[in-house]
Amino acid sequence: MEKIAIIGGGIAGMEAARRLLQLGHEPVIVEKSDHLGGHVAGWYKLFPDMMSARELVEQLAAGLDGVTVYYRTRVANMNRLGSGYSVMLSNGVNLQCGAVLISTGFRLFDASRKEEYGYGVYDHVVTNSDLEAWLGGAPDYRIPDNPASVAFVHCVGSRDLKAGNPQCSKVCCMTAIKQAIEMKEKFPQADIWCFYMDLRLFGKKYEDFYIAAQRDHGIHFVRGRVSEVSEDIDGRVVLKAEDTLAGTPVKLSADLLVLMSGMLCNEDTQSLARMVRADVDSDGFMRSRDNIYRINESNRPGIFFAGACTGTKTVPETVGEARAAALDIHNYLSGND
Ligand SMILES: Cc1cc2nc3c(=O)[nH]c(=O)nc-3n(C[C@H](O)[C@H](O)[C@H](O)COP(=O)(O)OP(=O)(O)OC[C@H]3O[C@@H](n4cnc5c(N)ncnc54)[C@H](O)[C@@H]3O)c2cc1C
Ligand code: SF4
(Lines give C-alpha, C1' and ligand atoms only; values in the text may rest on other atoms or scores of the structure.)
(Ligands and ions follow the chains in the order given, each with its own letter.)
Protein backbone atom coordinates (compact mmCIF):
# COMPACT_ATOMS: atom_id res chain seq x y z
CA MET A 1 0.00 0.00 0.00
CA GLU A 2 1.49 3.34 -1.04
CA LYS A 3 1.12 6.49 1.02
CA ILE A 4 -0.06 9.57 -0.85
CA ALA A 5 0.22 12.99 0.76
CA ILE A 6 -2.83 15.13 0.00
CA ILE A 7 -2.04 18.73 0.79
CA GLY A 8 -5.29 20.60 1.43
CA GLY A 9 -8.44 19.03 2.85
CA GLY A 10 -11.07 21.00 0.92
CA ILE A 11 -13.63 19.14 -1.19
CA ALA A 12 -10.90 18.39 -3.79
CA GLY A 13 -8.60 16.76 -1.23
CA MET A 14 -11.49 14.93 0.45
CA GLU A 15 -12.90 13.48 -2.76
CA ALA A 16 -9.44 12.43 -4.00
CA ALA A 17 -8.67 10.82 -0.62
CA ARG A 18 -11.82 8.75 -0.57
CA ARG A 19 -11.29 7.58 -4.15
CA LEU A 20 -7.64 6.66 -3.45
CA LEU A 21 -8.76 4.71 -0.39
CA GLN A 22 -11.24 2.80 -2.56
CA LEU A 23 -8.41 2.06 -5.01
CA GLY A 24 -6.37 0.43 -2.23
CA HIS A 25 -3.94 3.25 -1.36
CA GLU A 26 -3.14 5.05 1.88
CA PRO A 27 -4.00 8.73 1.50
CA VAL A 28 -2.92 11.11 4.27
CA ILE A 29 -4.56 14.55 4.37
CA VAL A 30 -2.48 17.51 5.53
CA GLU A 31 -4.83 20.41 6.35
CA LYS A 32 -3.66 23.78 7.63
CA SER A 33 -6.98 24.71 9.28
CA ASP A 34 -8.91 22.91 12.01
CA HIS A 35 -11.60 21.47 9.70
CA LEU A 36 -12.18 19.68 6.42
CA GLY A 37 -14.23 21.04 3.53
CA GLY A 38 -12.24 24.21 2.79
CA HIS A 39 -14.30 27.14 1.55
CA VAL A 40 -17.35 24.97 0.90
CA ALA A 41 -17.59 24.30 4.65
CA GLY A 42 -18.37 28.02 4.97
CA TRP A 43 -21.04 28.15 2.25
CA TYR A 44 -24.76 27.70 2.84
CA LYS A 45 -26.40 26.33 -0.32
CA LEU A 46 -24.76 25.45 -3.62
CA PHE A 47 -25.95 26.60 -7.04
CA PRO A 48 -27.55 25.47 -9.24
CA ASP A 49 -29.47 22.82 -7.27
CA MET A 50 -29.41 24.63 -3.91
CA MET A 51 -27.87 21.56 -2.33
CA SER A 52 -26.78 22.05 1.28
CA ALA A 53 -23.01 22.69 1.35
CA ARG A 54 -22.82 21.17 4.82
CA GLU A 55 -24.43 17.95 3.58
CA LEU A 56 -21.92 17.70 0.74
CA VAL A 57 -18.99 18.06 3.14
CA GLU A 58 -20.54 15.50 5.52
CA GLN A 59 -21.09 13.08 2.64
CA LEU A 60 -17.44 13.38 1.58
CA ALA A 61 -16.23 13.07 5.19
CA ALA A 62 -18.23 9.84 5.61
CA GLY A 63 -15.96 8.23 2.99
CA LEU A 64 -12.79 9.03 4.91
CA ASP A 65 -12.93 6.35 7.60
CA GLY A 66 -9.39 5.09 7.97
CA VAL A 67 -7.76 8.14 6.37
CA THR A 68 -5.22 9.94 8.57
CA VAL A 69 -5.92 13.68 8.70
CA TYR A 70 -3.38 16.07 10.22
CA TYR A 71 -5.14 19.32 11.15
CA ARG A 72 -3.39 22.65 11.74
CA THR A 73 -0.47 21.22 9.81
CA ARG A 74 1.54 22.39 6.83
CA VAL A 75 4.32 20.99 4.72
CA ALA A 76 7.64 22.21 6.11
CA ASN A 77 9.76 20.61 3.42
CA MET A 78 9.47 18.16 0.56
CA ASN A 79 12.24 16.31 -1.28
CA ARG A 80 12.48 13.71 -4.00
CA LEU A 81 13.33 10.34 -2.45
CA GLY A 82 13.83 7.42 -4.85
CA SER A 83 10.76 7.32 -7.06
CA GLY A 84 8.63 9.11 -4.45
CA TYR A 85 8.79 12.04 -2.04
CA SER A 86 9.83 12.60 1.54
CA VAL A 87 7.33 15.08 2.99
CA MET A 88 8.29 16.73 6.28
CA LEU A 89 5.29 18.20 8.12
CA SER A 90 5.19 21.13 10.52
CA ASN A 91 4.10 18.71 13.32
CA GLY A 92 7.38 16.77 12.97
CA VAL A 93 5.87 13.79 11.09
CA ASN A 94 7.84 12.63 8.06
CA LEU A 95 5.79 10.93 5.32
CA GLN A 96 7.41 8.68 2.70
CA CYS A 97 5.00 8.94 -0.21
CA GLY A 98 4.72 7.41 -3.65
CA ALA A 99 2.95 10.55 -4.92
CA VAL A 100 1.73 13.93 -3.73
CA LEU A 101 -1.58 15.63 -4.53
CA ILE A 102 -1.72 19.41 -4.18
CA SER A 103 -5.29 20.56 -3.49
CA THR A 104 -4.68 23.83 -1.70
CA GLY A 105 -7.54 25.71 -3.37
CA PHE A 106 -7.86 29.48 -3.61
CA ARG A 107 -8.18 32.62 -1.51
CA LEU A 108 -10.81 35.34 -1.79
CA PHE A 109 -9.93 38.79 -3.06
CA ASP A 110 -9.71 41.23 -0.14
CA ALA A 111 -12.65 43.57 -0.88
CA SER A 112 -11.21 46.39 1.24
CA ARG A 113 -8.61 46.85 -1.52
CA LYS A 114 -11.38 48.32 -3.69
CA GLU A 115 -11.68 51.41 -1.52
CA GLU A 116 -14.45 52.90 -3.66
CA TYR A 117 -16.88 50.24 -2.36
CA GLY A 118 -16.37 51.04 1.32
CA TYR A 119 -15.89 47.51 2.67
CA GLY A 120 -14.72 47.79 6.27
CA VAL A 121 -15.66 51.48 6.24
CA TYR A 122 -19.46 51.63 5.84
CA ASP A 123 -21.69 49.65 8.19
CA HIS A 124 -23.81 47.84 5.62
CA VAL A 125 -21.26 46.57 3.12
CA VAL A 126 -20.45 42.85 3.17
CA THR A 127 -18.89 40.30 0.82
CA ASN A 128 -20.36 37.18 -0.80
CA SER A 129 -18.47 35.11 1.77
CA ASP A 130 -19.85 37.14 4.71
CA LEU A 131 -23.36 36.70 3.35
CA GLU A 132 -22.90 32.93 2.97
CA ALA A 133 -21.86 32.72 6.62
CA TRP A 134 -24.88 34.79 7.69
CA LEU A 135 -27.26 32.70 5.56
CA GLY A 136 -25.80 29.66 7.31
CA GLY A 137 -26.71 31.12 10.71
CA ALA A 138 -23.67 33.16 11.81
CA PRO A 139 -24.68 36.51 13.34
CA ASP A 140 -23.62 39.63 11.42
CA TYR A 141 -24.52 43.09 12.75
CA ARG A 142 -23.99 44.62 9.28
CA ILE A 143 -27.05 42.87 7.84
CA PRO A 144 -30.20 44.85 8.65
CA ASP A 145 -33.29 43.14 10.10
CA ASN A 146 -35.70 44.09 7.39
CA PRO A 147 -33.97 45.59 4.34
CA ALA A 148 -36.10 47.42 1.79
CA SER A 149 -33.40 47.17 -0.82
CA VAL A 150 -30.27 45.06 -1.35
CA ALA A 151 -27.65 45.61 -4.07
CA PHE A 152 -25.07 43.15 -5.37
CA VAL A 153 -21.93 44.28 -7.21
CA HIS A 154 -20.34 41.68 -9.49
CA CYS A 155 -16.66 41.39 -10.50
CA VAL A 156 -15.05 42.73 -7.32
CA GLY A 157 -11.33 42.08 -7.78
CA SER A 158 -11.94 40.04 -10.94
CA ARG A 159 -11.68 41.21 -14.55
CA ASP A 160 -9.96 44.21 -13.06
CA LEU A 161 -6.50 45.14 -14.29
CA LYS A 162 -6.16 47.84 -11.63
CA ALA A 163 -6.69 45.20 -8.94
CA GLY A 164 -4.06 43.03 -10.68
CA ASN A 165 -6.51 40.31 -11.76
CA PRO A 166 -7.79 40.35 -15.34
CA GLN A 167 -9.33 36.87 -14.98
CA CYS A 168 -13.03 36.07 -14.56
CA SER A 169 -13.68 34.19 -11.32
CA LYS A 170 -16.38 32.18 -13.03
CA VAL A 171 -18.52 31.39 -9.97
CA CYS A 172 -19.55 34.86 -8.77
CA CYS A 173 -22.29 35.67 -11.31
CA MET A 174 -24.07 32.51 -10.23
CA THR A 175 -23.30 33.14 -6.55
CA ALA A 176 -24.80 36.64 -6.86
CA ILE A 177 -27.97 35.29 -8.48
CA LYS A 178 -28.22 32.54 -5.87
CA GLN A 179 -27.78 34.98 -2.99
CA ALA A 180 -30.18 37.47 -4.59
CA ILE A 181 -32.85 34.75 -4.70
CA GLU A 182 -32.10 33.73 -1.11
CA MET A 183 -32.42 37.34 0.08
CA LYS A 184 -35.68 37.78 -1.83
CA GLU A 185 -37.05 34.62 -0.22
CA LYS A 186 -36.10 35.92 3.24
CA PHE A 187 -37.29 39.47 2.59
CA PRO A 188 -40.07 39.28 -0.04
CA GLN A 189 -40.77 43.03 0.24
CA ALA A 190 -37.17 43.97 -0.62
CA ASP A 191 -36.05 45.25 -4.01
CA ILE A 192 -32.97 43.35 -5.11
CA TRP A 193 -30.50 44.74 -7.65
CA CYS A 194 -27.55 43.07 -9.38
CA PHE A 195 -24.97 45.35 -11.05
CA TYR A 196 -22.97 43.33 -13.57
CA MET A 197 -20.45 43.80 -16.39
CA ASP A 198 -21.47 40.63 -18.24
CA LEU A 199 -23.38 37.65 -16.98
CA ARG A 200 -21.25 34.55 -17.31
CA LEU A 201 -23.65 31.65 -16.94
CA PHE A 202 -21.90 28.83 -18.70
CA GLY A 203 -22.98 25.70 -16.82
CA LYS A 204 -25.86 23.28 -16.98
CA LYS A 205 -29.03 24.90 -15.57
CA TYR A 206 -27.27 28.24 -15.02
CA GLU A 207 -29.27 30.18 -17.61
CA ASP A 208 -32.51 28.74 -16.15
CA PHE A 209 -31.43 30.01 -12.76
CA TYR A 210 -31.03 33.54 -14.15
CA ILE A 211 -34.37 33.43 -15.94
CA ALA A 212 -36.08 32.27 -12.73
CA ALA A 213 -34.40 35.08 -10.76
CA GLN A 214 -36.04 37.65 -13.04
CA ARG A 215 -39.34 35.93 -13.79
CA ASP A 216 -40.16 34.30 -10.44
CA HIS A 217 -38.36 36.58 -7.98
CA GLY A 218 -38.45 39.96 -9.70
CA ILE A 219 -34.71 40.60 -9.26
CA HIS A 220 -33.47 43.62 -11.22
CA PHE A 221 -30.32 43.29 -13.33
CA VAL A 222 -28.44 46.43 -14.38
CA ARG A 223 -25.52 46.24 -16.79
CA GLY A 224 -22.94 48.70 -15.58
CA ARG A 225 -20.03 49.14 -13.21
CA VAL A 226 -20.65 50.84 -9.88
CA SER A 227 -18.29 53.80 -9.83
CA GLU A 228 -18.85 55.16 -6.35
CA VAL A 229 -20.35 54.14 -3.02
CA SER A 230 -21.06 56.44 -0.09
CA GLU A 231 -23.18 56.41 3.05
CA ASP A 232 -26.10 58.75 3.68
CA ILE A 233 -27.09 60.32 6.98
CA ASP A 234 -29.39 57.36 7.82
CA GLY A 235 -26.60 54.86 7.29
CA ARG A 236 -27.93 53.65 3.93
CA VAL A 237 -25.46 52.83 1.20
CA VAL A 238 -25.69 55.09 -1.86
CA LEU A 239 -24.44 53.67 -5.15
CA LYS A 240 -23.68 55.52 -8.37
CA ALA A 241 -23.42 53.60 -11.61
CA GLU A 242 -24.13 53.90 -15.29
CA ASP A 243 -26.70 51.65 -16.91
CA THR A 244 -24.73 50.93 -20.07
CA LEU A 245 -27.68 49.31 -21.86
CA ALA A 246 -30.03 52.27 -21.28
CA GLY A 247 -27.18 54.81 -21.43
CA THR A 248 -28.41 56.52 -18.27
CA PRO A 249 -26.81 57.23 -14.89
CA VAL A 250 -28.24 55.29 -11.93
CA LYS A 251 -28.30 56.36 -8.29
CA LEU A 252 -29.62 53.88 -5.74
CA SER A 253 -29.95 53.82 -1.95
CA ALA A 254 -29.66 50.35 -0.48
CA ASP A 255 -29.89 48.97 3.04
CA LEU A 256 -27.23 46.40 2.23
CA LEU A 257 -24.48 46.16 -0.38
CA VAL A 258 -22.96 42.76 -1.18
CA LEU A 259 -19.60 42.64 -2.98
CA MET A 260 -18.85 39.60 -5.11
CA SER A 261 -15.20 39.06 -4.23
CA GLY A 262 -13.31 37.01 -6.76
CA MET A 263 -11.19 33.86 -6.46
CA LEU A 264 -7.42 34.35 -6.46
CA CYS A 265 -4.50 31.96 -6.21
CA ASN A 266 -3.62 30.87 -2.71
CA GLU A 267 -0.23 32.20 -1.62
CA ASP A 268 0.48 28.83 0.04
CA THR A 269 0.27 27.24 -3.37
CA GLN A 270 3.20 29.31 -4.51
CA SER A 271 5.48 28.38 -1.63
CA LEU A 272 4.61 24.71 -2.23
CA ALA A 273 5.38 25.14 -5.91
CA ARG A 274 8.80 26.54 -5.03
CA MET A 275 9.43 23.60 -2.70
CA VAL A 276 8.85 20.99 -5.41
CA ARG A 277 9.95 23.19 -8.31
CA ALA A 278 6.51 22.95 -9.93
CA ASP A 279 5.53 25.66 -12.40
CA VAL A 280 3.00 28.37 -11.63
CA ASP A 281 0.96 30.31 -14.19
CA SER A 282 1.08 34.07 -14.78
CA ASP A 283 -2.01 34.41 -12.53
CA GLY A 284 -0.20 32.58 -9.71
CA PHE A 285 -2.30 29.41 -9.87
CA MET A 286 -0.50 26.08 -10.31
CA ARG A 287 0.35 25.33 -13.94
CA SER A 288 -1.03 22.07 -15.29
CA ARG A 289 0.89 20.19 -17.96
CA ASP A 290 -1.78 21.44 -20.30
CA ASN A 291 -5.28 22.88 -19.90
CA ILE A 292 -7.03 20.32 -22.04
CA TYR A 293 -5.95 16.77 -21.31
CA ARG A 294 -3.47 16.83 -18.38
CA ILE A 295 -5.03 19.35 -16.02
CA ASN A 296 -4.30 17.12 -13.01
CA GLU A 297 -0.61 16.70 -13.82
CA SER A 298 2.29 18.99 -12.90
CA ASN A 299 5.63 19.25 -14.67
CA ARG A 300 7.17 17.12 -11.86
CA PRO A 301 6.90 13.33 -11.68
CA GLY A 302 4.50 12.14 -8.98
CA ILE A 303 3.08 15.60 -8.20
CA PHE A 304 -0.59 15.98 -9.11
CA PHE A 305 -3.22 18.71 -8.77
CA ALA A 306 -6.94 18.81 -8.06
CA GLY A 307 -9.48 21.60 -7.67
CA ALA A 308 -9.07 25.35 -7.42
CA CYS A 309 -5.28 25.32 -6.93
CA THR A 310 -4.98 25.42 -10.74
CA GLY A 311 -7.67 28.06 -11.35
CA THR A 312 -11.21 29.10 -10.51
CA LYS A 313 -13.51 26.09 -10.36
CA THR A 314 -17.10 25.25 -9.51
CA VAL A 315 -17.90 22.43 -7.08
CA PRO A 316 -18.78 19.88 -9.80
CA GLU A 317 -15.58 20.72 -11.68
CA THR A 318 -13.58 20.37 -8.46
CA VAL A 319 -14.96 16.98 -7.44
CA GLY A 320 -14.73 15.71 -11.03
CA GLU A 321 -11.06 16.73 -11.16
CA ALA A 322 -10.40 15.13 -7.79
CA ARG A 323 -11.73 11.80 -9.06
CA ALA A 324 -9.61 12.11 -12.19
CA ALA A 325 -6.54 12.94 -10.08
CA ALA A 326 -7.11 9.85 -7.92
CA LEU A 327 -7.21 7.68 -11.03
CA ASP A 328 -4.12 9.40 -12.48
CA ILE A 329 -2.22 8.77 -9.24
CA HIS A 330 -3.37 5.14 -9.17
CA ASN A 331 -2.18 4.64 -12.74
CA TYR A 332 1.10 6.43 -12.02
CA LEU A 333 1.81 4.21 -9.01
CA SER A 334 0.79 1.09 -10.96
CA GLY A 335 3.09 2.04 -13.84
CA ASN A 336 0.12 2.29 -16.23
CA ASP A 337 0.54 5.88 -17.31
C1 LIG B 1 -18.60 32.98 -2.35
C2 LIG B 1 -18.46 31.70 -3.14
C3 LIG B 1 -19.56 30.84 -3.25
C4 LIG B 1 -19.45 29.67 -4.00
N5 LIG B 1 -20.57 28.92 -4.19
C6 LIG B 1 -20.52 27.87 -5.05
C7 LIG B 1 -21.72 27.15 -5.39
O8 LIG B 1 -22.82 27.45 -4.88
N9 LIG B 1 -21.62 26.13 -6.32
C10 LIG B 1 -20.43 25.80 -6.91
O11 LIG B 1 -20.42 24.92 -7.78
N12 LIG B 1 -19.27 26.44 -6.57
C13 LIG B 1 -19.29 27.46 -5.65
N14 LIG B 1 -18.12 28.11 -5.32
C15 LIG B 1 -16.81 27.53 -5.73
C16 LIG B 1 -16.26 26.56 -4.63
O17 LIG B 1 -16.07 27.29 -3.44
C18 LIG B 1 -14.95 25.91 -5.10
O19 LIG B 1 -15.23 25.14 -6.27
C20 LIG B 1 -14.35 24.98 -4.05
O21 LIG B 1 -14.17 25.64 -2.84
C22 LIG B 1 -12.98 24.46 -4.52
O23 LIG B 1 -12.55 23.48 -3.57
P24 LIG B 1 -11.00 23.20 -3.32
O25 LIG B 1 -10.95 22.02 -2.39
O26 LIG B 1 -10.27 23.11 -4.59
O27 LIG B 1 -10.44 24.51 -2.58
P28 LIG B 1 -10.75 25.18 -1.15
O29 LIG B 1 -12.18 25.17 -0.87
O30 LIG B 1 -10.05 26.51 -1.19
O31 LIG B 1 -10.00 24.22 -0.12
C32 LIG B 1 -8.58 24.20 -0.02
C33 LIG B 1 -8.17 23.58 1.30
O34 LIG B 1 -6.74 23.53 1.36
C35 LIG B 1 -6.29 24.01 2.62
N36 LIG B 1 -4.94 24.54 2.42
C37 LIG B 1 -4.56 25.62 1.71
N38 LIG B 1 -3.21 25.76 1.73
C39 LIG B 1 -2.74 24.74 2.50
C40 LIG B 1 -1.43 24.32 2.88
N41 LIG B 1 -0.33 24.98 2.49
N42 LIG B 1 -1.30 23.22 3.67
C43 LIG B 1 -2.40 22.53 4.09
N44 LIG B 1 -3.67 22.88 3.75
C45 LIG B 1 -3.82 23.95 2.94
C46 LIG B 1 -7.32 25.07 3.00
O47 LIG B 1 -7.31 25.32 4.40
C48 LIG B 1 -8.61 24.41 2.53
O49 LIG B 1 -9.14 23.52 3.50
C50 LIG B 1 -18.20 29.30 -4.60
C51 LIG B 1 -17.09 30.15 -4.46
C52 LIG B 1 -17.23 31.35 -3.77
C53 LIG B 1 -16.04 32.27 -3.68
S1 SF4 C 1 -18.30 35.20 -12.90
FE2 SF4 C 1 -19.42 37.09 -13.28
S3 SF4 C 1 -19.05 38.32 -11.41
FE4 SF4 C 1 -17.50 36.72 -11.42
S5 SF4 C 1 -15.74 37.67 -12.43
FE6 SF4 C 1 -16.88 36.55 -14.01
S7 SF4 C 1 -18.25 38.08 -14.91
FE8 SF4 C 1 -17.52 38.91 -12.94
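A residue counts as buried here if 20 or more other C-beta atoms lie within 10 Å of its own, and as exposed if 12 or fewer do. By that rule, 4 of the 5 residues of strand S2, which spans residues 26–30, are buried, so strand S2 is largely enclosed by the rest of the structure. The structure described in this report is a predicted model, and the values below are computed from it.

**Strand S2 and its partner**

Strand S2 is joined by 5 bridges to strand S1, made of residues 3–7, and the two strands run parallel. Within this pairing, Ile6 has Ile29 in S2 as its bridge partner. Lys3 can also be related to a residue much later in the chain, since Gly84 and Lys3 are 81 residues apart in sequence, while their C-alpha atoms are 9.7 Å apart in space. Gly84 itself is found in strand S7, which covers residues 84–89, and Gly84 counts as buried because it has 20 C-beta neighbours inside 10 Å.

**The nonpolar core**

In soluble globular proteins, nonpolar side chains tend to be buried together. The largest nonpolar core of this model has 92 residues, and among these Leu101 and Leu257 touch the most other members. Helix H4 gives the largest share of this core, with 8 residues. The core also draws at least three residues from each of two domains, namely domain 1 (3–105 + 266–333) and domain 2 (109–262).

**The two ligands**

Ligand 1 is surrounded by 40 residues, of which the closest are Gly8, Gly10, Gly38, Gly105 and Gly307. By class, the shell around ligand 1 holds 16 nonpolar, 17 polar and 7 charged residues. Several elements each supply at least two residues of this shell: helix H1 (11–22), strand S10 (106–108), helix H3 (128–135), helix H4, helix H6 (267–276) and helix H7 (315–333). Both domain 1 and domain 2 take part, with at least three residues of the shell around ligand 1 drawn from each of them.

Ligand 2 is surrounded by 14 residues, and the closest are Cys155, Ser158, Cys168, Cys172 and Cys173. Its shell divides into 6 nonpolar, 4 polar and 4 charged residues. Strand S12 (149–156) and helix H4 (172–186) each supply at least two residues of the shell around ligand 2. Helix H4 therefore recurs in this account, as it also gives the largest share of the largest nonpolar core, 8 residues.

**Backbone features away from the usual pattern**

Most residues other than glycine have a negative phi, and most peptide bonds are trans. The table lists three places in the model that depart from this pattern.

| Site | Backbone value | Location |
|---|---|---|
| Phe47 to Pro48 | cis peptide bond, omega near -5° | Pro48 in the loop between strand S3 (45–46) and strand S4 (51–52) |
| Arg72 | phi near 50° | loop between strand S5 (68–70) and strand S6 (75–81) |
| Cys155 | phi of about 55° | strand S12 |

The surroundings of the two residues with positive phi can be set side by side. Arg72 is exposed because 10 other C-beta atoms lie within 10 Å, whereas Cys155 counts as buried because it has 25 C-beta neighbours inside 10 Å. Cys155 is also one of the closest residues to ligand 2.

**A sheet of three strands**

An open sheet is formed by 3 strands in the order S15-S16-S17, and their pairing is antiparallel. Strand S15 (226–231) and strand S17 (248–254) stand at the edges with a single partner strand each, so one side of each is left without a neighbour in the sheet. From one strand to the next, the twist averages 20°. Strand S15 is joined to strand S16, residues 237–243, by 5 bridges, and these two strands run antiparallel. In this pairing, Val229 stands opposite Leu239 in S16.

**An exposed loop residue**

Asp198 has its place in the loop between strand S13 (191–196) and helix H5 (206–215). Is Asp198 buried or exposed? Asp198 is exposed, because 11 other C-beta atoms lie within 10 Å, and the cut-off for an exposed residue is 12 or fewer. Asp198 and Asn266 are 68 residues apart in sequence, and their C-alpha atoms are 26 Å apart in space.

Note on methods
Residues are numbered from 1 along each chain as its sequence is written. Chains are lettered from A and ligands numbered from 1 in the order in which they are written. This is a predicted model: local features need pLDDT of at least 70, side-chain atom pairs count only at pLDDT 80 or more; totals for chains, interfaces and linings use all residues. A residue is near a molecule or strand if its C-beta atom, placed from the backbone, lies within 6 Å of it. Ala, Val, Leu, Ile, Met, Phe, Trp, Tyr, Cys and Pro count as nonpolar, Asp, Glu, Lys and Arg as charged, and the others, Gly among them, as polar. Two strands pair if DSSP finds at least two bridges between them. Axes are lines fitted to C-alpha atoms, for helices over the stretch in contact, and angles run from 0 to 180 degrees between N-to-C directions. A nonpolar core is a set of buried Ala, Val, Leu, Ile, Met, Phe, Trp, Tyr and Cys residues joined through C-beta atoms within 7 Å. Domain bounds come from an automatic or database domain assignment.
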